[in-house]
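Let's take a walk through this protein together, one spot at a time. Have the 3D view ready so you can follow along.

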Amino acid sequence: MMQVPSVVTLLLLAPNAHARLIENGTETIRHDDYIDTFELQNATLNVIRGWTQAIYANASNLNVSADSTILGTVVAQNGSNVAVDNSRITASGAYETGVTLLSSAAQINDSMISSADYHGLLVSKFTNSTDISTATVNGSVLVGATGGAVVTGGSALELVRSQSIGTGADSFGLRLESSAARASGSNISGGRNGIEMSFDRHAPGPNTLILDDSHVTGTTGAALLVDGARGQGAVANIEVRNGSTLTGGNGNLLEVKGGSTANMNIANSQLKGDVVVSSGSQAHLQLTDLASLTGRLENVSSLSLGEQSMWVMTGNSQVGDLRLADSTVKFGDSDAFYQLDLKSLSGQGTFVMGTDFAQGLTDFLNITGDATGHHDLLLTSSGTEPVNPGDVHIVHTGGGDAQFALVGGNVDVGAWSYGLRQDGNDWFLDPNNRTVSPGTRSVLALFNTAPTVWYGEMTSLRSRMGEIRHNGAAAGGWLRAYGNKYEVSGGDAGAYEQSQRGFSLGADTPLGEGQWLLGVMAGHSTSDLDLSRGTSGSVQSYYAGLYATWLDEESGYYFDGVIKANRLNNDSTVGLSDGRQAKGKYSTNALGASVEAGRHIKLDNDFFIEPFAQASVVTVQGKSYSLDNGLKAKGSHTDSVQGKLGVTVGRDFMLDDGSMLQPYLRGGVAHEFAKSNKVSVNNQTFDNNLSGSRVEVGVGVALTLSQNMQLHADFDYGQGKHVDQPWGANFGVRYSW
């Protein structure tokens with residue numbers, strides 16, 4: 001504790017024998033006056049651009065301004081007033097404080113107050129006095145070897161855009177003893193601790209500290225230290241506001257010792273550091289207004305987290321009473337595993353917990369007393385398989401009616417997503433309540449998508465026939481753009497949507513004198529997959545192929561055949577249960593062939609009917625790849641064998657300008673025969689079976705503008721057991737030469 005009475009006695013009595021006395025009057029010292037030591041008794045001294053030595057004021061006024069310098073201590077007592085403006089006070093020697101206030105007041109602006117051997121500023125009172133001191137420091141610097149500033153006995157200090165610095169190895173930036181301080185836009189730092197708060201046995205009472213947009217640093221010790229004295233614990237009420245920071249060289253932003261109590265409210269600030277409370281002491285913390293605290297809490301009595309506030313643990317922690325109000329407790333980084341011990345839990349909040357399922361390690365919430373309220377558990381997802389998910393113990397309580405639930409209802413672990421099981425007062429991952437994980441679904445969907453990509457690129461061979469029917473099988477070139485939407489359900493992949501867009505181009509020439517056309521084609525398509533819950537994929541397809549078309553105009557029989565090879569570049573983005581994303585990509589090849597045969601039958605009034613049959617075979621190269629969260633997938637080759645029967649009905653219209661218009665309707669039934677497309681995810685086998693039938697209908701029009709130019713447009717719809725096509729469209733142009 002500060003020994004103010006004895007120190008002040010030395011300061012006041014020692015210089016009286018040779019100090020220049022000013023009593024009951026006013027005097028002004030300017031730059032060319034003699035440097036002297038002054039004692040003021042009920043007087044006023046003005047120092048204007050002047051130099052003096054120590055000044056001792058009793059019931060007096062001291063005004064120092066205009067770049068003046070005091071080479072010694074300033075002591076003001078018994079209702080004195082000190083005003084320092086744009087000046088410097090420099091003290092040195094044992095117990096020589098830059099400025100000492102005893103039941104007095106000071107206003108310090110744009111100045112430096114320093115002591116080479118003691119405190120920069122002391123704000124206090126005599127032991128037997130009830131009159132406190134106050135000091136306002138604006139835009140100034142307080143520097144002392146033992147401490148920047150000391151406030152005792154119920155006195156008060158306000159720092160505005162100022163600095164309070166302790167320079168010695170064991171120094172503090174600010175010390176409070178049963179007193180108050182407020183810092184706004186200021187910096188406080190000490191060689192050991194930033195701010196120390198203790199107990200004044202001569203004027204007992206709590207300490208009040210308000211930090212507003214201010215920064216406190218303890219170079220080798222704690223940012224804030226609350227410590228008792230002579231067996232008496234201290235009490236500190238602390239407000240940390242508006243972006244203030246606390247930095248402890250030993251990692252502690254707050255230490256509470258000696259049977260003391262600290263009540264700290266953190267508002268709109270993001271603090272990093274530990275809170276360490278010794279046995280017999282207490283700390284009560286409250287976070288409000290989007291505040292966050294990153295650190296370990298040791299023996300904290302209570303913690304209250306307001307709406308959208310967060311505590312991020314950096315080690316095992318102990319808190320007595322934890323109260324949450326739509327707030328978050330995060331158990332550190334996902335690769336570190338901590339235990340939080342609570343005596344009680346209430347409110348509503350989210351616990352973000354890291355888990356290494358491959359090793360059976362997890363963060364653990366241990367509540368020895370009652371737990372109430374509704375709380376969410378956001379567990380870290382993983383692409384690796386758990387050792388034994390039934391053994392992953394997440395929460396224990398001593399009783400109460402608390403409810404715990406996984407965010408989103410499950411957690412993604414390897415190939416599966418697991419639910420939560422309550423067993424009495426304990427909560428575990430439930431190995432018997434699992435579904436296919438989004439990562440697995442994305443893997444299965446990508447392996448399944450290749451055939452629909454291939455078929456979508458083929459559009460309809462009927463469109464090719466519409467283009468050549470009226471041109472006498474002349475050589476030519478063509479271009480078409482298309483789009484398709486598929487809705488896939490069934491198989492272990494679950495349900496997903498596929499949207500495709502692309503283009504094809506080609507050229508063909510007749511063979512001999514017959515009606516055979518032989519052509520080459522190439523193109524590109526993009527397919528986007530939506531698997532919901534933030535999981536998506538895409539397939540970039542590049543392809544080339546050969547086709548042949550034959551039409552016998554006399555009988556109406558036709559035949560179309562296509563063989564096409566694809567290069568498929570696949571990538572997926574997986575939305576995981578913990579809000580993160582996993583990504584993966586791979587490339588593979590596909591090869592397929594399709595044949596269609598039918599007959600064009602002319603009816604009266606230029607109507608026609610065209611029954612047809614189609615068969616297609618596609619095989620996609622197997623591939624192994626992994627997501628960046630550790631999920632490993634291996635797919636054998638994917639096959640599709642599809643047959644289709646249908647009929648087209650239309651009519652030819654000869655227009656006045658000589659062009660030909662051919663609208664038509666088409667209907668058919670397609671069936672997928674391939675039943676087994678196995679995929680391995682983390683060495684677990686899944687089935688991509690999408691076999692089944694579907695009904696297809698379409699409408700289109702072919703328009704022959706001239707002998708050389710033909711246009712066409714087609715629109716399709718399909719509905720089936722596993723694959724629906726809400727819409728499909730393609731538009732094309734052909735030019736014959």
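Find Tyr543 and look at the face of its ring: Lys564 lies over it, at 4.7 Å from the ring centre. Keep in mind as you look that this is a predicted model. A similar arrangement turns up with another charged residue, Arg434. The charged end of Arg434 sits over the ring of Trp416, 3.9 Å from the centre of that ring.

Now let's turn to rings that meet other rings. How many aromatic pairs does a search of the whole structure find? There are 12 of them. To describe such a pair, you give the distance between the ring centres and the angle between the planes. Try that with Trp516 and Trp550: their centres are 6.3 Å apart, the planes make an angle of 35°, and the pair counts as tilted. Where do these two residues come from? Trp516 belongs to strand S52 (residues 516-530) and Trp550 to strand S53 (residues 536-551), so this pair ties together parts that are 34 residues apart in sequence. Are the two buried or exposed? Neither, quite: Trp516 is partly exposed because its relative accessible area is 36%, and Trp550 is partly exposed too, with a value of 26%. Buried would call for a value under 20%, and exposed for one over 50%. Rings can also join up in a cluster, and here ring pairs link Phe447, Tyr586 and Tyr625 in that way.

Next, go to Asp412, which you'll find in strand S47 (residues 411-413). With a relative accessible area of 2%, Asp412 is buried. What does its side chain meet there? The side chains of Asp412 and Ser417 are joined by a polar contact of 2.5 Å. If you skip the neighbours within four places in sequence, Asp412 is in contact with several residues, including Ser381, Ser382, Ser437, Pro438, Arg533 and Gly575. Leu576 and Ser577 are also among them.

Our last stop is Asn207, in strand S25 (residues 207-212). Is Asn207 buried or exposed? It is buried, because its relative accessible area is 0%. A polar atom of the Asn207 side chain lies 2.7 Å from the backbone oxygen of Ser198, so here a side chain pairs with a backbone atom. Again leaving out neighbours within four places in sequence, the contacts of Asn207 include Leu176, Glu177, Ser178 and Ser179. Met197 and Ser198 are on the list as well, together with Ala234, Val235, Ala236 and Asn237.

Definitions and conventions: Residues are numbered from 1 along each chain as its sequence is written. This is a predicted model: local features need pLDDT of at least 70, side-chain atom pairs count only at pLDDT 80 or more; totals for chains, interfaces and linings use all residues. Side-chain values use heavy atoms; hydrogens and water are left out. Helices (H or I, at least four residues) and strands (E, at least two) are DSSP runs, numbered from the N terminus. Buried means under 20% relative accessible area, exposed over 50%, partly exposed in between (1.4 Å probe, protein chains only). A polar contact is a pair of N or O atoms within 3.5 Å; within protein, one must be able to donate a hydrogen and the other to accept it, and residues adjacent in sequence count only if both atoms are side-chain atoms. Contact means heavy atoms within 4.5 Å. Rings of Phe, Tyr and Trp (its six-membered ring) pair if their centres lie within 6.5 Å; planes under 30 degrees apart count as stacked, over 60 as edge-to-face and the rest as tilted. A charge sits over a ring if NZ of Lys or CZ of Arg is within 6 Å of the ring centre and within 35 degrees of the ring normal.
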